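Good morning, and thank you for making time for this item. I would ask you to look at the sequence and the model together as I go through them.

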Amino acid sequence: MTLRVALALLGGYAFAWGFIASGMTALHAAGMEFHDAQGLASLLGFLLFLCVFLWTFAARSLLRVGVVLVGGGALLIVAASSLQSALVR
């Protein structure tokens with residue numbers, strides 16, 4: 001149970017942070033004002049965190065939860081970083 005709580009909090013945070021960063025960058029690249037993109041991505045990220053947090057306790061496979069949250073969060077963060085680098089150039 002302790003591992004599920006840790007994955008729900010830390011893995012969910014990493015996944016939501018990656019989603020917010022990549023969503024904010026993609027929305028800004030699509031032409032939305034920066035602060036509007038930041039607000040929308042943050043609101044959606046909060047809802048995503050809630051869903052992921054609950055899913056962590058409902059899922060049968062703890063390994064799948066870890067792979068999705070940590071791996072998906074890492075991929076989203078890398079995607080956001082790459083897109084931000086491309087926008088700056």
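Which helix gives the most to the nonpolar patch? Helix H1, residues 2-29, does, with three residues. Please bear in mind throughout that this is a predicted model. The patch covers about 510 Å² of the surface and is made by Met1, Val5, Leu9, Leu10 and Phe57. Met1 lies in the segment before H1. Its relative accessibility is 72%, so Met1 counts as exposed.

Let me now step back to the overall fold. The protein has three helices and zero strands, and the order along the sequence is α-α-α. The C-alpha trace spans about 45 × 20 × 15 Å along its principal axes. There are 89 residues, of which 27% count as buried. The accessible surface comes to about 5800 Å², and carbon and sulfur atoms hold 74% of that surface. As for contacts, if we take those with a sequence separation of 6 or more, 73% of them join residues 24 or more positions apart.

I turn to the helices one at a time, beginning with H1. With 28 residues at 1.5 Å a residue, H1 should span 40 Å, and its end C-alpha atoms are indeed 40 Å apart. Its buried residues are Arg4, Leu7, Ala8, Gly11, Gly12, Phe15, Ala16, Gly18, Ala21, Ser22, Met24 and Thr25. These buried residues pack against H2 and H3. Just after H1, Gly31 adopts a positive phi of about 115°.

Two residues of H1 deserve a separate word. The first topic is Arg4, which is found in this helix. Arg4 is buried yet has no salt bridge; the nearest side chain of opposite charge belongs to Asp36, 37 Å away. Leaving aside residues up to four places away in sequence, Arg4 touches Thr56, Phe57, Ala59, Arg60 and Leu62. Phe57 also appeared in the nonpolar patch.

The other topic is Gly11, also in H1. Is Gly11 buried or exposed? Its relative accessibility is 4%, so Gly11 counts as buried. Beyond residues up to four places away in sequence, Gly11 touches Ala6 and Leu69. The C-alpha atoms of Gly11 and Val67 are separated by 9.4 Å, although their positions lie 56 residues apart along the chain when counted as a separation.

Helix H2 comes next, at residues 34-58. From the first C-alpha to the last, its 25 residues reach 36 Å, close to the 36 Å expected at 1.5 Å a residue. Within H2, the residues Ala37, Ala41, Gly45, Val52 and Thr56 are buried. Their cover includes H1 and helix H3. Thr56, as I noted, is one of the residues touched by Arg4.

Finally, H3 runs over residues 62-88. Its 27 residues should span 39 Å at 1.5 Å a residue, and the end C-alpha atoms are 39 Å apart, which agrees. Val65, Gly66, Leu69, Gly72, Gly73 and Ala80 are buried in this helix, and what covers them includes H1 and H2. Leu69 is the contact of Gly11 that I mentioned a moment ago.

To summarise, the model shows three helices. The buried residues of H1 pack against H2 and H3, while the cover of the buried residues in H2 includes H1 and H3, and that in H3 includes H1 and H2. Thank you for your attention.

Conventions: Residues numbered from 1 in each chain as written. Predicted model: local features only at pLDDT ≥ 70, side-chain atom pairs only at ≥ 80, totals over all residues. Heavy atoms only, no water. Helix = DSSP H or I, 4+ residues; strand = E, 2+ residues; numbered from the N terminus. Buried < 20%, exposed > 50% of the residue type's maximum accessible area, 1.4 Å probe, protein only. Contact = heavy atoms within 4.5 Å. Areas by Shrake-Rupley, 256 points an atom, 1.4 Å probe, with all protein chains shown as cover. Patch = residues over 30% accessible without salt bridge, like charges linked within 9 Å, V, L, I, M, F, W, Y side chains within 5 Å. Salt bridge = Lys/Arg side-chain N within 4 Å of Asp/Glu carboxyl O. Lys, Arg positive; Asp, Glu negative; His and termini not counted. Expected span 1.5 Å × (residues − 1).
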